[in-house]
Amino acid sequence: MAEKQEMLTDSSKKHIKVLFLYFSFSGQTGVIVNRLSAGLKDQGIKVVFEKLKPLKHLRFPVSSILRTFAMMLTTFCRKRVPIQELSSKCNREYDLIILAGPTWSYNPSGPVLFFLDKYGEEVLGGREVLPLISCRGYWKQHWRGLRRKLKKCGAHFSNLIAFTHPNPEPWCTIGVFLKIAGKNPERSSFIGKHYTRFGHSNHQMEEAYRFGKMIGESLRDGTPLAEINFHTDLALP
Ligand SMILES: Cc1cc2nc3c(=O)[nH]c(=O)nc-3n(C[C@H](O)[C@H](O)[C@H](O)COP(=O)(O)O)c2cc1C
């Protein structure tokens, strides 16, 4: 009896651990990851971060319209962006790995593609993975490609989180393009009337926090992640 009690205490003491493996170019995935992790931590979950760092620093903003067009073109061709060696954090065991990053020309970003090619099987194979996408407005093709790659790596996944920028079109596309090119569309007397802010809204950040809490609860209670509804007014439109 005492032995059983001891075992129970041991298992309740065991920390549930989540690894955030992510890349962020202009900071948007970064803020979502931040709020999601805050929600998890508030549920008593231990969180670990591994940021994918390109070997050659990618400067944001890109600083010219021409370079932004060139980037759109190379990313459309799924150009891989080599990343630095992963840290030893990625060799440990986790209850869940959250793989997060932006959409680049309908695809996962170059650093995430490189990660999947080089380390995907080793780090994600046989593990529970929850993908997280941050994008301007169109995540479906990205998700199709990512799903194929995750399957190839042998990862287990059953759900998806995607946040799109809340601005109306076509101003959202114009605004994001100009922002990447290093302009300030919010301050333009004409575009600024329709485009007031780059990226995700504060309400979406709070939604990410709520999602983090729900994931924490699900991990603690041992219920399937697939049962969590990430389709809300603020995410996965
Ligand atoms: C090169 C490039 C291509 C992009 N292509 C798309 C796209 O095809 N669809 C989309 O919805 N957003 C696209 N975006 C916008 C980003 O996905 C969006 O701004 C995202 O929130 C950025 O996340 P990050 O700040 O973590 O890098 C693109 C951004 C860049 C830099």
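Val 18, Phe 20, Ile 97, Ile 98 and Leu 132 touch the most other members of the largest nonpolar core, which has 45 residues. Keep in mind that this is a predicted model. Besides that core, two helix pairs are worth a look: helix 2 with helix 7, whose axes are 7 Å apart, and helix 4 with helix 5, whose axes come within 8 Å.

**The core**

- Strand 1 (17-22), strand 3 (96-104), strand 5 (129-135) and strand 6 (161-164) each give two or more residues to this core, and so do helix 2 (28-42), helix 4 and helix 7.
- Helix 4 puts in the largest share, with 7 residues.
- Val 18 is in contact with Leu 40, Ile 45, Val 47, Tyr 94, Asp 95, Leu 96 and Ile 98, once its neighbours within four places in sequence are left aside.

**Helix 2 against helix 7**

- These two pack at an angle of about 40 degrees, and that makes helix 2 oblique to helix 7.
- Their crossing is right-handed.
- On the helix 2 side, the residues that meet helix 7 are Val 31, Ile 32, Arg 35, Leu 36, Ser 37, Ala 38, Gly 39, Leu 40 and Asp 42.
- Helix 7 answers with Met 205, Ala 208, Tyr 209, Arg 210, Phe 211, Gly 212, Lys 213, Ile 215 and Gly 216.
- Sort the residues of this contact by type and you get 10 nonpolar, 4 polar and 4 charged.

**Lys 213, up close**

- Lys 213 sits in helix 7 (residues 202-221).
- Lys 213 counts as partly exposed because it has 17 C-beta neighbours inside 10 Å, while the cut-off for buried is 20 or more.
- Not counting residues up to four places away in sequence, Lys 213 touches Gly 39, Asp 42 and Gln 43.
- The C-alpha atoms of Lys 213 and Ala 38 are separated by 8.1 Å, although the two residues are 175 residues apart along the chain.

**Helix 4 against helix 5**

- Helix 4 (residues 110-124) and helix 5 (residues 140-153) have axes that cross at roughly 55 degrees, so the pair is oblique.
- This crossing, of helix 4 and helix 5, is right-handed.
- Leu 116, Gly 120, Glu 121 and Leu 124 make the contact from helix 4, with Lys 149, Leu 150 and Cys 153 on the helix 5 side.
- By type, the residues of this contact come to 4 nonpolar, 1 polar and 2 charged.

Note on methods:
Residues numbered from 1 in each chain as written. Predicted model: local features only at pLDDT ≥ 70, side-chain atom pairs only at ≥ 80, totals over all residues. Axes fitted to C-alpha atoms, helices over the stretch in contact; angles between N-to-C directions. Helix = DSSP H or I, 4+ residues; strand = E, 2+ residues; numbered from the N terminus. Parallel < 35°, antiparallel > 145°, perpendicular 65-115°, else oblique. Left-handed = near helix turned anticlockwise from the far one by under 90°. Contact = placed C-beta atoms within 7 Å. Nonpolar A, V, L, I, M, F, W, Y, C, P; charged D, E, K, R; others polar. Buried ≥ 20, exposed ≤ 12 C-beta atoms within 10 Å, placed from the backbone. Core = buried A, V, L, I, M, F, W, Y, C linked by C-beta atoms within 7 Å.
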